[in-house]
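Thanks for coming. I will go through a few parts of this one in turn, so please have the sequence and the structure open.

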Amino acid sequence: MKDKELRNDRLIALSAMKDYKVAKDNPDVLGWRVVGADGESLGIVRDLIVDPKVMKARYLSVVADRKFFKTDNDQHLLVPIGAAALDKKGRKVFLSAIDSNSIGRYPVYQGGPITEDYEYAVRETYQRSQRDVLHDDPNRYKEEFDEALTRTDREPQEIREDFYNTDTYNEDRFYTSDQEVYRDRAYPTYENDQTSTTIDTNREVSPQSVEESIATIERLEQLRERGALTSEEFITLKRRALNL
């Protein structure tokens, strides 16, 4: 999915902005593993979606693991930034309202401009999950969402000025959080990896799946910690692994 598709008049991908950077004291979460409420790995953070008018991040752009959707194609989800929490030491993003059972019912971003209907569907997903309605009838909401995208006999919903004035879209809440709930969970490691410490930064890094992207970035982290990569080389290679 190209960066220019992740935009409309209100929202734009961070990777497509030259004059916006994450604050120096905030971690760069691109490439971090996304972990659900049940501790399962759900995907990877590919980008941030920013409101350039107020210079605030509104969504995490997440590439979900294909197995949850039973498809060979990447599934992109936009997660409200305030609905996630950080595990800064473990370099993971924790989602308390989504797990391996419910992610398959999350509204999938299909590409093109980010529509008002999609944003309302995402927000309502979190509202319903907080009321435990989503678990009472898991198929009902998906049907309503699909119908909302295909109907042409209705006025499109508008994003009012107060739409983002909730904790669900509070980026300060996200960056000041620090969850350690699943830090000790067993994830793949690469301590015995035989990767050469000589890195060609001109070589293309093109993982074929979310898990391969995660593995590549974790390997790069280890090389940087061993001093085999400079910070600049690490950033360059991580962006390639994320196809940015």
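Two strands count as paired here if DSSP finds at least two bridges between them. Keep that in mind for the strands. Also, this is a predicted model.

I start with strand E7, residues 92-95. On one side it has E2, residues 33-35, and the two pair in the parallel sense over three bridges. Within that pairing, Val35 has Phe94 of E7 as its bridge partner.

E7 also pairs with E6, residues 84-87; here the strands run antiparallel and four bridges join them. Phe94 comes up again, this time as the bridge partner of Ala85. E6 and E7 form a hairpin with four residues between the strands, and Arg91 there has a positive phi, near 55°.

Now, which way do the side chains of E7 point? Lys92 and Phe94 go one way, Val93 and Leu95 the other, and all of them are buried. In a regular strand, side chains alternate between the two faces of the sheet. Note that Lys92 is among the buried residues.

After E7 there is a loop leading to helix H1, residues 116-130, and Tyr109 sits in that loop. Is Tyr109 buried or exposed? Its relative accessible area is 4%, and the cut-off for buried is under 20%, so Tyr109 counts as buried. Its C-alpha is 9.3 Å from that of Ser61, with the two residues 48 apart in sequence.

Next, the helices. H5 covers residues 231-241, and its buried residues are Phe234, Leu237, Lys238 and Ala241. Why do they lie on the same side of H5? Because the arc they cover around the axis is only 105°.

What covers those buried residues? Helix H4, residues 210-225, is included in the cover. The axes of H4 and H5 are 9 Å apart, and the packing angle is about 175°. Angles over 145 degrees count as roughly antiparallel, so that is the description for H4 and H5.

On the H4 side, the contact involves Ser213, Thr216, Ile217, Leu220, Glu221 and Arg224; on the H5 side, it involves Phe234, Leu237, Lys238 and Ala241. Sorted by class, the contact has five nonpolar, two polar and three charged residues. The H5 residues in this contact are the buried ones I listed before.

Last item: H5 is followed by Asn243, which has a positive phi near 60°. That is what I have; the floor is open.

Definitions and conventions
Residues numbered from 1 in each chain as written. Predicted model: local features only at pLDDT ≥ 70, side-chain atom pairs only at ≥ 80, totals over all residues. Heavy atoms only, no water. Buried < 20%, exposed > 50% of the residue type's maximum accessible area, 1.4 Å probe, protein only. Arc of directions from axis to C-beta. Contact = heavy atoms within 4.5 Å. Axes fitted to C-alpha atoms, helices over the stretch in contact; angles between N-to-C directions. Parallel < 35°, antiparallel > 145°, perpendicular 65-115°, else oblique. Nonpolar A, V, L, I, M, F, W, Y, C, P; charged D, E, K, R; others polar.
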